[in-house]
Amino acid sequence: MTLLGGTLGTAQLAEFGSWHKPKFTGHRHCTGGILAHVMEFACGGDHIVRRLPHGGSRELPEVDPDIGVLLRRQADKQVLLRVTPDIDIDGHRAVSTGVTDQKFGFALAGGRAARAIKRILDQPSLELVGLHCHIGSQVTDAALYGEAVRRMIAAMAEVRAEHGVVLSELNIGGGHAIPYVSGDQELDLCTLADFIDDALDAACTAERFPRPRIVIEPGRAISGRAGVTIYRVVAVKSQRGGRTFVAVDGGMSDNPRVGLYDAKYTVALANRHPLGPTQPMTVVGRHCEAGDEIARDVVLPTDVHTGDLLAVACTGAYHHSMASNYNMVGRPPLVAVGNGCSRELVRRETITDLLARDCGWTNPQPAPPRHDTGGCDALLRGI
Ligand SMILES: Cc1ncc(COP(=O)(O)O)c(C=O)c1O
């Protein structure tokens, strides 16, 4: 199955490459315009057939990079198209992916999705089996998925009316919220199921459309709570009338979410049971940015000191995979812990790792002196 206009980004390149390289046979995870580049790196260009845009149609630049990727030699031909149903989750704009004015998918508004659908249906080598959308992340209101279902079924009914094709699959993406701090709401799965079911019933009845197979893509809801990041305190700075900063041995290189969209976290002292007073503090990272913060106004013991360990909860999704070498800092290890045992899953990055791509440089032999008698050279040498 291939997904157009969809999900796999360069961020997942390494994962994609490591899963697929050894036994790559076809594309089962796909994306929009950057797919070709991702796959070229991960799987080698031979697995991708790109088609150059034909002249003439104005729609082609919008559609061709995606569809062209699919015209490959030996891949399966089933296609889902990612569309944007214009649903605003009222969250941070960085994770509001269901509105029309952002980079993902083909908008239902303005007929863009309809044109892409037609282009796919016009390709005898492709079989459009359904539509996909992902309205955003940290969605707490299940009713938004109900609305998405309603709009998507209406779009599927339009496809049937226009082309006589009954799409049998509807993927409504993920975005199921988990609580990062106390008081955060999470998406209740039973409520979600009810909303999806009711919306399907209503929309399919209204459109006289057969119930499609429903697919959901819970992301962080699966693994987010399974991860905890442990930092070591490297310094504490208190200022009269100002904040108290607790600096740790990590930061925005292992967790860019705070800087990217002001994510909030729960932090606790992890190496001892503090008995004394507490106060709000700001946990900051080791990088050269004042904005390199991990959590603001978290309550920690006033005697927190260098060498203490801090645990940051809910870092099992979008942390290891988002980590970078910002400031040429090595990434931390990933350790599985259970039943009193621990096992390193990903080792700590070393300086050798950081320098592995360095091609080296040797001073080239100085060029033999030239004896020009004019031009710049002459000027420089005072001739
Ligand atoms: C297409 C798609 N599906 C599902 C998800 C999972 O989202 P979340 O982890 O917010 O549930 C994402 C995340 O960005 C996505 O892009």
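Why does Gly 173 count as buried? Because it has 26 C-beta neighbours inside 10 Å, and 20 or more is enough for that label. Keep in mind as we go that this is a predicted model.

So where are we in the fold? Gly 173 sits in the loop that runs between strand E5 (169-171) and helix H6 (189-207). Leave out everything up to four places away in sequence, and Gly 173 still touches His 132, Cys 133, His 134, Ile 135 and Glu 217. Take His 132 from that list: 41 residues separate it from Gly 173 along the sequence, yet their C-alpha atoms are 6.9 Å apart in space.

From here, move over to the ligand. There are 14 residues around it, and the ones that come nearest are His 134, Ser 137, Gly 174, Gly 219 and Arg 220. You've met His 134 already, as one of the contacts of Gly 173. As for the character of the shell around the ligand, nine of its residues are polar, three are nonpolar and two are charged.

Now for the nonpolar side of things. The largest nonpolar core holds 57 residues, and those that touch the most other members are Leu 81, Ala 113, Leu 131, Ala 148, Val 149, Met 152 and Val 283. The top contributor to this core is helix H5 (residues 142-163), which supplies nine residues. Both domain 1 (2-222) and domain 2 (227-355) give residues to the core, so it lies between them.

Ala 148 is a handy place to stop and look around. Setting aside neighbours within four places in sequence, Ala 148 is in contact with Pro 85, Ile 87, Gly 98, Cys 133, Ile 135 and Ile 172. Cys 133 and Ile 135 should ring a bell, since Gly 173 touches them too.

Zoom out to the whole chain and you'll count ten helices and 14 strands. Of its 383 residues, 32% count as buried. Among contacts between residues at least 6 apart in sequence, 70% join residues at least 24 apart.

Finally, how far can you lean on the coordinates? The chain averages a pLDDT of 84, with 77% of the residues scoring at least 70. Two of the stretches to watch come early in the numbering. Over residues 5-11 the pLDDT stays under 50, though the model has 24 contacts beyond four places in sequence for them. Residues 22-32 also stay under 50, and there the model has 28 such contacts. Where pLDDT is low, the predicted coordinates should not be read in detail.

Conventions: Residues are numbered from 1 along each chain as its sequence is written. This is a predicted model: local features need pLDDT of at least 70, side-chain atom pairs count only at pLDDT 80 or more; totals for chains, interfaces and linings use all residues. A residue is near a molecule or strand if its C-beta atom, placed from the backbone, lies within 6 Å of it. Ala, Val, Leu, Ile, Met, Phe, Trp, Tyr, Cys and Pro count as nonpolar, Asp, Glu, Lys and Arg as charged, and the others, Gly among them, as polar. Helices (H or I, at least four residues) and strands (E, at least two) are DSSP runs, numbered from the N terminus. A residue is buried if 20 or more other C-beta atoms lie within 10 Å of its own, exposed if 12 or fewer, and partly exposed in between; C-beta atoms are placed from the backbone. Two residues are in contact if their C-beta atoms, placed from the backbone, lie within 7 Å. A nonpolar core is a set of buried Ala, Val, Leu, Ile, Met, Phe, Trp, Tyr and Cys residues joined through C-beta atoms within 7 Å. Domain bounds come from an automatic or database domain assignment. pLDDT is the predictor's confidence in each residue, from 0 to 100.
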